[in-house]
Amino acid sequence: MKINKIVFSIIFLCVCSCFAKELADYDIPTKREQKAIDRGNLIIHALAAYYKDNGVYPESLEDLIPVYLDKIPRPGLSDGLNFRTKFQYIKWPKSFRISFRYDIFSEFYYNSYEAKWHYANH
């Protein structure tokens, strides 16, 4: 009986440690995701320059071309249906949001008000 408790305890600790590792890495982007974030940062810097010059954010990302960007970069990821994703842009009076998805559930987004990238799993 005592051996069963010890074995059960060892198994329980192993399972818990596996989930702990999974939870710890949850918000760390993969290399592919980081490349997409780096491309998003190009847009963020262009939006900041546009705002500095004009006092407002552009209505669309295409307004950044050709002065602030040569072209709008794509995240470089595909979703589960092999459709290429693109950056989504939402403009507010004093801030903006950039986001990209690569599957139905996963999204990375940047809110200029907080000035950092977030990961959301819906």
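**Burial, aromatic pairing and local geometry in a predicted model**

At a relative accessibility of 18%, arginine 97 counts as buried, since the cut-off for burial lies at under 20%. The model in which this residue is described is a predicted one. Arginine 97 is placed in strand E2. When its neighbours within four places in sequence are left aside, the contacts of arginine 97 are Gln88, Tyr89, Ile90, Trp92, Glu107, Tyr109 and Tyr110.

The chain comprises 2 helices and 4 strands, in the order α-α-β-β-β-β from the N terminus. Of its 122 residues, 30% are classed as buried. Where contacts between residues at least 6 apart in sequence are considered, 37% of them join residues at least 24 apart.

Confidence varies along the chain. The mean pLDDT is 81, and 71% of the residues reach 70 or more. The lowest confidence is found in helix H1 (residues 2-24), with a mean of 56, and the highest in E1, with a mean of 96. Over residues 18-25 the pLDDT falls below 50, and in the model this stretch makes 0 contacts beyond near neighbours in sequence.

Aromatic side chains were examined next. With ring centres required to lie within 6.5 Å, the count is 10 aromatic pairs. One of these pairs joins phenylalanine 87 and phenylalanine 100, whose ring centres are 5.6 Å apart and whose planes stand at 80 degrees, an edge-to-face arrangement. Phenylalanine 87 belongs to the loop between helix H2 (31-54) and strand E1 (88-91), and phenylalanine 100 to strand E2 (residues 96-101), so this pair ties together parts that are 13 residues apart in sequence. Both phenylalanine 87 and phenylalanine 100 are buried. A tilted pair is formed by tyrosine 89 and phenylalanine 96, at 6.3 Å centre to centre and with 45 degrees between the planes. Tyrosine 89 has a relative accessibility of 16% and therefore counts as buried; phenylalanine 96, at 3%, is likewise classed as buried. Ring pairs link these four residues into a cluster with Tyr51, Tyr57, Phe108, Tyr110, Trp117 and Tyr119.

Phenylalanine 87 and tyrosine 89 also appear in the lining of the largest pocket, together with Ser60, Leu61, Glu62, Ile72, Pro73, Arg74, Lys86 and Gln88. The volume of this pocket is about 180 Å³. By residue class, the lining of the largest pocket consists of 5 nonpolar, 2 polar and 3 charged residues.

Two features of backbone geometry were noted. Most peptide bonds are trans, and most residues other than glycine have a negative phi. The peptide bond from isoleucine 65 to proline 66, however, is cis, with omega near -5 degrees. Proline 66 is located in the loop between H2 and E1. Alanine 115, a residue other than glycine, has a positive phi, near 60 degrees. Alanine 115 is found in the loop between strand E3 (106-111) and strand E4 (116-121).

Methods
Residues numbered from 1 in each chain as written. Heavy atoms only, no water. Phe/Tyr/Trp six-rings, centres within 6.5 Å; stacked < 30°, edge-to-face > 60°. Buried < 20%, exposed > 50% of the residue type's maximum accessible area, 1.4 Å probe, protein only. pLDDT = per-residue confidence, 0-100. Contact = heavy atoms within 4.5 Å. 1 Å grid on protein atoms, 1.4 Å probe; cavity = no way out; pocket = protein on both sides within 12 Å on 5 of 7 lines; lining within 4 Å. Points joined across faces, edges and corners; volume = space filled by probe spheres on them. Nonpolar A, V, L, I, M, F, W, Y, C, P; charged D, E, K, R; others polar.
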